[in-house]
Amino acid sequence: MSTVHVIDHPLIQHKLTFLRDADTGPKEFRELAEEISLLMAYEVTRDLPLTDVEVNTPVGRARCKVIAGKKIGVVPVLRAGLGMVGGILSLIPAAKVGHIGVYRDPETLMPVEYYCKLPPDIAERDLIVVDPMLATGGSASASIRFIKERGGQAIKLMCIVAAPEGIKTVQEAHPDVDIYVAAIDERLNSHGYIVPGLGDAGDRLFGTR
Ligand code: PRP
Ligand code: URA
């Protein structure tokens with residue numbers, strides 16, 4: 001079974017409070033989503049392998065570490081996952097970005113794929129699938145399945161707010177995928193929204209409603 005990491009750093013918890021607040025408008029919501037994603041990426045990349053290098057300092061020769069040539073891919077689940085990409089890229093500018101378009105059918109809550117463009121070498125990359133909301137888990141599970149069908153192997157899932165139901169669904173479908181979240185909320189309501197959650201992440205990011 002995969003591991004669920006709750007990244008409850010005080011800075012993340014503080015920013016998440018304002019992300020949840022219904023009075024936070026799209027500009028501030030976007031900034032907070034990026035900042036939280038940057039802080040979470042720090043933890044998600046904690047196990048990246050290092051290799052030794054030597055550099056000349058102004059005073060002498062130093063034996064140091066750099067990240068060992070591992071290639072990283074970030075895959076936002078459209079639309080709301082887009083709001084997490086900038087924060088991650090500011091930490092890992094060399095990462096390639098793939099896109100998966102999945103929406104939740106409002107009647108059935110089932111995921112529907114409408115777009116997929118991934119880096120050609122995804123099989124060699126450590127992939128971080130990002131979506132702010134893990135509700136029923138249908139969208140994340142399907143997105144990960146699509147990525148695996150196209151060759152992706154080393155996959156982590158990074159979400160900001162999760163429901164217990166979504167975590168269970170992803171763990172059962174993809175026991176090899178570790179899940180990173182900033183908060184696990186109480187439950188889903190009858191419309192499949194996370195309670196208390198933060199509402200519709202895509203609408204709040206892009207001002208559509
Ligand atoms: C939201 C969210 C996830 C999905 C989570 O996307 O960004 O992708 O719902 O729900 P689930 O875990 O029950 O599948 P939505 O379908 O609203 O599309 P959008 O990002 O385009 O707004
Ligand atoms: N998608 C969202 O954007 N929010 C939820 O609470 C559930 C699904």
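Trainee: Which backbone atom pairs with an oxygen atom of ligand 2 at Ile 194, and what is the distance?

Mentor: In this predicted model, Ile 194 belongs to the residues that surround ligand 2. The atom concerned is a backbone N or O atom of Ile 194, and its distance from an oxygen atom of ligand 2 is 2.8 Å. As for the cover of this ligand, which has 240 Å² of accessible area on its own, the protein takes up 88%. The value for the Ile 194 pair is therefore within the 3.5 Å allowed for a polar contact, and it stands at 2.8 Å.

Trainee: Which atom of ligand 2 does the backbone of Gly 199 approach, and which does that of Ala 201 approach?

Mentor: Both residues are in the shell, which also includes Arg 104, Met 133 and Tyr 193. From a backbone N or O atom of Ala 201 it is 2.8 Å to an oxygen atom of the ligand. For Gly 199, a backbone N or O atom lies 2.8 Å from a ligand atom of another element, namely nitrogen.

Trainee: How many residues of each class, nonpolar, polar and charged, form the shell around ligand 2?

Mentor: The shell includes Ala 135, Gly 192 and Asp 200, and the space that the ligand takes is the largest pocket. Sorted by class, the count is five nonpolar, two polar and two charged residues.

Trainee: Which residues come nearest to ligand 1, and which of their atoms make the pairs at 2.5 Å?

Mentor: There are 15 residues around ligand 1, and those that come nearest are Arg 104, Asp 131, Thr 136, Gly 137 and Ser 139. Gly 137 places a backbone N or O atom 2.8 Å from an oxygen atom of the ligand. The pairs at 2.5 Å, each with an oxygen atom of ligand 1, come from a polar side-chain atom of Thr 136 and a polar side-chain atom of Ser 139.

Trainee: Which elements give two or more residues to the shell around ligand 1?

Mentor: The space taken by ligand 1 is the largest pocket, and the residues of its shell divide into six nonpolar, five polar and four charged. Of the 500 Å² of accessible area that ligand 1 has on its own, the protein covers 89%. The elements that give two or more residues are β6 (99-104), β9 (133-134) and α4 (138-149).

Trainee: Why does Thr 45 count as buried, and which backbone oxygen does its side chain reach?

Mentor: Thr 45 is in the loop between α2 (26-44) and β2 (50-56). Its relative accessible area is 17%, and it counts as buried because the cut-off is under 20%. Its side chain makes a polar contact at 2.6 Å, and the partner is the backbone oxygen of Ala 41.

Trainee: Which peptide bond is cis with omega near -5°, and which with omega near 0°?

Mentor: Most peptide bonds are trans. Arg 79 lies in the loop between β4 (71-78) and α3 (82-91), while Pro 196 lies in the loop between β13 (194-195) and α6 (201-206). The cis bond with omega near -5° runs from Leu 78 to Arg 79, and the one with omega near 0° runs from Val 195 to Pro 196.

Trainee: What is phi of Leu 109, and where is this residue placed?

Mentor: Most residues other than glycine have a negative phi. Leu 109, in the loop between β6 and β7 (111-117), counts as partly exposed because its relative accessibility is 22%. Its phi has a positive value, near 65°.

Conventions
Residues are numbered from 1 along each chain as its sequence is written. Chains are lettered from A and ligands numbered from 1 in the order in which they are written. This is a predicted model: local features need pLDDT of at least 70, side-chain atom pairs count only at pLDDT 80 or more; totals for chains, interfaces and linings use all residues. Side-chain values use heavy atoms; hydrogens and water are left out. A residue is near a molecule or strand if one of its heavy atoms lies within 4 Å of it. A polar contact is a pair of N or O atoms within 3.5 Å; within protein, one must be able to donate a hydrogen and the other to accept it, and residues adjacent in sequence count only if both atoms are side-chain atoms. Accessible areas come from the Shrake-Rupley method with a 1.4 Å probe; for residues, only the protein chains shown count as cover. On a 1 Å grid over the protein atoms alone, a cavity is a set of points where a 1.4 Å probe fits but cannot get out, and a pocket is an open set with protein on both sides within 12 Å along at least five of seven lines; lining residues have an atom within 4 Å of a point. A molecule sits in a cavity or pocket if more than half of its atoms lie within 2 Å of its grid points. Ala, Val, Leu, Ile, Met, Phe, Trp, Tyr, Cys and Pro count as nonpolar, Asp, Glu, Lys and Arg as charged, and the others, Gly among them, as polar. Helices (H or I, at least four residues) and strands (E, at least two) are DSSP runs, numbered from the N terminus. Buried means under 20% relative accessible area, exposed over 50%, partly exposed in between (1.4 Å probe, protein chains only).
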